[in-house]
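Open the model in your viewer and keep the sequence panel beside it. This tour goes stop by stop, with something to select at each one.

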Amino acid sequence: MNRLSIGEFTVRVLIAVALLALFAVLWRVVDIFVLVFGGIVLALVLRSVMHIVQRFTPVRGRWALLVAIVALIIVVALLGLLIGSRVATQMGQLTRTLPQAWERARTLFEHFSVGRVLMRELQSQSAVHGLLSRLTDVATITVGALVDAGVIIFTGLFFAADPGLYRRGLLRLVPPA
């Protein structure tokens with residue numbers, strides 16, 4: 001039987017702890033990588049539209065990028081108008097349908113003794129606490145989504161404006177060989 005010395009055991013434990021710490025850090029920063037990836041995808045779309053603008057118009061350089069940005073904003077706005085009206089209509093239908101469905105479910109639950117107990121428990125909890133908790137969740141998700149969208153947009157704009165700068169910077173992080 002091969003026994004480890006205290007030093008070898010300590011080194012192995014430290015390596016295991018270091019690997020676990022590395023995985024924990026990577027798990028925490030995966031959201032950052034997703035945002036940067038979204039920015040890169042946006043930059044590729046902007047650069048592609050910019051090249052199309054340069055091919056078919058006399059506009060060059062940053063002005064072509066500006067035309068590409070304006071064109072994409074217009075396309076997104078038009079899609080929002082087309083889809084937004086349908087979504088608003090469906091949300092209106094949902095707000096009318098949900099209370100009726102809740103009432104039907106509640107009356108169905110009240111036919112059973114377990115359902116009556118469950119309904120009393122639900123009604124005894126503080127409605128204000130539940131509402132505030134839901135509002136806080138909605139606000140947190142909304143602000144987080146807006147911040148994420150802002151990071152993706154600004155990252156995409158900077159990458160699209162001068163991709164060579166970021167390519168050279170990335171290449172400097174690895175050995176020339």
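**Stop 1: R120.** Select R120, which sits in helix α3 (residues 113–124). Helices here are DSSP runs of H or I with at least four residues, strands are E runs of at least two, and both are numbered from the N terminus. R120 is exposed, at 54% relative accessible area. The scale is this: buried is under 20% relative accessible area, exposed is over 50%, and partly exposed is in between, with a 1.4 Å probe and protein chains only. Now add A160 and draw a distance between the C-alpha atoms: 58 Å separates the two residues, which are 40 residues apart along the chain.

**Before moving on.** The model is predicted, so local features need pLDDT of at least 70 and side-chain atom pairs count only at pLDDT 80 or more, while totals for chains, interfaces and linings use all residues. Residues are numbered from 1 along each chain as its sequence is written, and side-chain values use heavy atoms, with hydrogens and water left out.

**Stop 2: the whole chain.** Zoom out and colour by secondary structure. The protein chain has five helices and zero strands. Its radius of gyration is 28 Å, well over the 16 Å that the globule rule gives for 177 residues, so the chain is more spread out than a compact globule. That radius is taken over C-alpha atoms, and the rule is 2.2 Å times the number of residues to the power 0.38. Along the principal axes, the C-alpha atoms fill a box of roughly 75 × 75 × 30 Å. Buried residues come to 11% of the 177.

**Stop 3: helix α1.** Select residues 6–56, the 51 residues of α1. How far apart are the end C-alpha atoms of α1? They are 72 Å apart, which agrees with the 75 Å expected at 1.5 Å a residue. The expected span is 1.5 Å times one less than the number of residues. Centre on V29 to see a kink of about 45 degrees. A bend is the angle between axes fitted to the seven residues ending at a position and the seven starting there. Then pick out the buried residues of α1, among them L35, G38, L46 and V53.

**Stop 4: helix α2.** Select residues 62–109. W63 lies in α2 and is exposed, at 62% relative accessible area. A64, L65 and A68 of α2 are buried. Move along to I83, where α2 bends by about 30 degrees. Finish at F109, also in α2, which is partly exposed at 36% relative accessibility. From F109 to A149 the C-alpha distance is 42 Å, across 40 residues of sequence.

**Stop 5: a pocket.** Show I40, A43, L44, R47, F159, P163, Y166, R167 and L170 as sticks; they line the second largest pocket. On a 1 Å grid over the protein atoms alone, a pocket is an open set of points where a 1.4 Å probe fits, with protein on both sides within 12 Å along at least five of seven lines; lining residues have an atom within 4 Å of a point. Its volume is about 260 Å³, the space filled by probe spheres set on the points. Both α1 and α5 (163–171) supply at least two lining residues each.
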